[in-house]
Each structure stands twice: as structure tokens, then as C-alpha cells.
Amino acid sequence: MRSGAAWLASATPEQVDEFLGGLSDGALMALPWLFEFWALPHQLPPDGAWKTWVIMGGRGAGKTRAGSEWVRAEVEGARPLDPGRSRRVALIGETIEQVREVMVFGDSGILACSPKDRRPEWEASRKRLVWPNGAVAQVFSAHDPEGLRGPQFDAAWADELGKWKKGEESWDMLQFALRLGTHPRQVVTTTPRNVGVLKAILKNPSTVVTHAPTEANKAYLAASFLEEVRARYAGTSLGRQELDGILMEEAEGALWTAARLEAARLDVAPPLSRIVVAVDPPVTGHSGSDACGIVVVGAMTEGPPQDWRAVVLEDASVTGASPDAWARAAIAALERHGGDRLVAEVNQGGDLVESVIRQIDPLVPFRAVHASRGKVARAEPVAALYEQGRVGHLRGMPLLEDQMCRMTAKGFEGRGSPDRVDALVWALTDLMIEPAQSWRRPRVRSL
């Protein structure tokens, strides 16, 4: 669905003239303030009887403007003095200063978005906005959850909830305060963070979500800003969170964390001694199958094992692929990186796995591996390599890293199978774990 602004941008001058010429003087004057006309899809409230609307997006995606306009739509009536749907609104941010500077007085704040005849007045001594029709919005800090004990509201706007230090306490107090009207509602505008309160809100059946990356609002952002941040953060966990607006969840007790993976980030791979492509084939090969995990890893293995280092070069996994398709993808990755060996788990397919691969390339260096231990037991020694700072990651492997952050000591807490993680584990086991064990084994001298 395109906004009116998008239509205007693509329309011919004649179409624009025809459209504007058909508006009355009043409609023409009101057009700049008609947010439904200018809004991006993620900035408009979803249909339905929701309780909480979460607007989750990257930096500069237009979240604040959406929150301000939603408050306007709640409190304003058809005419400046007519009552709106809501009359008592809570505005909550991390601090009072941030509420005032961003949500109230900011470039996309409530005052900037309000036409002159509907603009509320800021009463600094009482920390509140008062509209011409009598509606009131009170300002609160998430640092002071007890401040929400006592007041009552029929609407609320919570900004940047993901970074509230007392998020759960403040959110709980707000829920008790939303008790006016027939159907009190609240909007959350936030860049996603892996915090319990946000994850709990997203799982609530009465929550609806709209989402957009930073680029969705690029018409209002400096081109140099987008170029700079994308060049620096593209393909990183921080970039997915702050630019793509994607919640980077980590399971409790995860073997890998986003922070650890971010610390392992490399822009360029160093010279490598060996490169392997590891494959975790799916049980079946159709559109509903798990992905075929295909991960490329290289290692520098000169000197004693404690000096060895590895680099994850590519996640070449494929989804919904037939055995022929995933085998070709694995061999292509081997050729692309000049790999030394293809390693594949054969627990599910047995000899068929090697047979499929050799039908494409009979001479490919191949090693079949069997899983005699559970996934967690195999993954833990590999996770230890990351703890020791001995594994680096190139950019551009978000799905692999998402799976890694959901692998815990109790098992995988994501959906489906951790196929990409399995392939990663096989690759690092072949390059680092097993050779190190052989290197340390005492050699028996013959007499």
C-alpha cells in the first residue's frame, strides 16, 4: 500500500495539478497536517481491537512521528474544541528530559506535528500538555515507576521502552493506570533490544506490531548518514538491531551471545591454512523442509593448538532445496572459497549424502561425519573457542548468528532445527577440535 505522498512523488505534474486543483481551500490548508495522507505504512495503526501497538524500527525510521500523530488522533475531535476518543494520556520515556526534548518539543514531537488551532500548551511546572478541547497529557520518567501509581489514563505513549532501566516495573505500573474509557490503548515506539519486558509485550495476544528499517524513511534522512552507517554496521548484530529494527533475541543460558559475536567481527579474513565447507543435510528435500546448513570456515593452524585461529567466512545455507540443489550449493561454496574439503553429516541420509555429492563432482574431497553425541555436547567445545577469542566472523550471516544465540545448554530454543549451527559445529570440529586432540595425544615411539 502506497501513501498519498508516494503517489504524489511518482505522479506527473499534470496529475499533481489536477489533484491539488480539485481540493477546496480548507482541504488544501489541512493537507500538510493530514498524517494519513503522508504516513508510511508502518506509521499507521493496524485495524482491530488491540490493546498495545508496538512500532519497532531502526534509527530514524519515523517512530517518533508515528507516536506523536497517534496521540493527536486520540485526543483531537472533528473541530478544535470537540472532544476526542481520549482525554487523559500518559507520555513515558527513559527520563523526563527525554520526554520533553523528543516526545513533546522534538522535530517530530507532538508540538511540531500539531496545527496552530489544535496545538496544546506546555505547562512546565506541572509537566503536562493541555489541548484546546481540555485533553491532558502528563509526562513521566521510566526511572520512577512509582510516579505512575495513582494517576489514571485512557491512552499512553511509551517511547524507547527497550532502554528503560526499570522497564518491567514502569510497564506494570502503567498497565494498572490504563483504566479509563471503554478500551484504553497504548503505543510503544522503540528500537528493539533483547529485554524481557519487550519480549513479553510482543508475545501478548492483544499486541500488534508494525516494523520498518531505517531506509523506510530515507526521504527524510541525510544520504551521507545512510551511507556511513550501512558501510560501518551492515551485516552486524548491531546493524540488524539499530538499522533493520530486528529484535536480536538471546535465549537464557545461550552458548553464544550477540555481544560475543559482535566482538568477533572481522572486516577481512587473514591468510588461512585450511578451509572446509560443512553440510548439515535436511531429512527431506522439499519446500517445507528444514534448511540445509552449509557453512564455510577457514583456520590458521600453524604452531601449537592454543595459537590456532578460525574465521567463519560464509553462511551458504539453502532452504526448501532438493538433494541435488543443496549438493550443488555446497560444492559451489567449496569452489568459491578454494576449500580443501567438504564435510557432511550422514546420520540421516547415510551413503546417499556422499552419493548425491559425487554425482555432481566425483573428485570432490569429502569426509562423512556421524553424530554420536547430542547437539549441545557437540556445540559446547566450539562455543568455548569463541569464549577464548579464537573464532572470528565476517559480516552478513544474520540467520546463522540468530540460531547461535538460541542454542543453550538445555538445547535449541528456536523454531525448527539449528541446521546452520550444526554445520558450523562440524566445520570447527574438523578444523580446530579434532586436530588439536590429535596434536596433544602422546606419540608412542617404536623400539
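R265 is buried in this predicted model, with a relative accessible area of 14%. Because the cut-off for a buried residue is under 20%, the value of 14% places R265 in that class. The residue belongs to the loop between α12 (258-263) and β9. Its side chain makes a polar contact of 2.8 Å with the side chain of E401.

**The strands β9, β12 and β13**

The loop that holds R265 leads to β9, and strand β9 (residues 274-280) runs parallel to β12, joined to it by four bridges. Within this pair, V279 has A344 of β12 as its bridge partner. Strand β12 also pairs with strand β13 (residues 366-369), again in the parallel sense and over four bridges. Here L342 is matched with F366 of β13. Strand β12 (residues 341-345) is largely enclosed by the rest of the structure, because four of its five residues are buried.

**The eight-stranded sheet**

An open sheet of eight strands follows the order β3-β4-β5-β2-β6-β7-β1-β8, and its pairing is mixed. Strands β3 (121-123) and β8 (207-212) form the edges, as each pairs on one side only. On average, neighbouring strands of this sheet are turned by 20° against each other, direction ignored. As general background, strands of a sheet pair through backbone hydrogen bonds, either parallel or antiparallel. Strand β1 (residues 52-57) and strand β7 (residues 185-190) provide a parallel case, with five bridges between them. In that pair, I55 has T189 of β7 as its bridge partner.

Two helices may be described together with this sheet. Helix α6 (residues 96-104) packs on the sheet and touches β2 (88-93), β3, β4 (128-130), β5 (136-141) and β6 (155-159). The direction of α6 makes about 115° with that of β2. Helix α8 (residues 167-177) lies across β1, β2, β6 and β7, and runs at about 155° to β7.

**Helix α15**

Helix α15 (residues 375-387) has 13 residues, and at 1.5 Å a residue it should span 18 Å. The expected span is 1.5 Å times one less than the number of residues, and the end C-alpha atoms of α15 are indeed 18 Å apart, which agrees. The helix nevertheless contains a kink of about 25°, centred on P381. Its buried residues are V376, R378, A379, V382, A383, L385 and Y386. In an α-helix there are 3.6 residues a turn, so residues three or four places apart point the same way. Just after α15, G389 takes a positive phi of about 70°.

**The surroundings of T408**

V376, one of the buried residues of α15, is also among the residues in contact with T408. T408 is found in strand β15 (residues 407-408) and is buried, with a relative accessible area of 2%. Leaving aside neighbours within four places in sequence, the contacts of T408 are A251, E252, G253, A254, L255, V376 and E413. The side chain of T408 also has a polar atom close to the backbone at K410 and at G411, at the distances given below.

| Side chain | Backbone atom | Distance |
|---|---|---|
| T408 | nitrogen of K410 | 3.0 Å |
| T408 | oxygen of G411 | 2.8 Å |

In outline, two buried residues have been described with their polar partners: R265 is buried and makes a polar contact with E401, while T408 is buried and has a polar side-chain atom 3.0 Å from the backbone nitrogen of K410.

How values were computed
Residues numbered from 1 in each chain as written. Predicted model: local features only at pLDDT ≥ 70, side-chain atom pairs only at ≥ 80, totals over all residues. Heavy atoms only, no water. Bend = angle between axes of the 7 residues up to and from the residue. Buried < 20%, exposed > 50% of the residue type's maximum accessible area, 1.4 Å probe, protein only. Pairing = 2+ DSSP bridges. Polar contact = N/O pair within 3.5 Å; in protein donor to acceptor, adjacent residues only side chain to side chain. Axes fitted to C-alpha atoms, helices over the stretch in contact; angles between N-to-C directions. Contact = heavy atoms within 4.5 Å.
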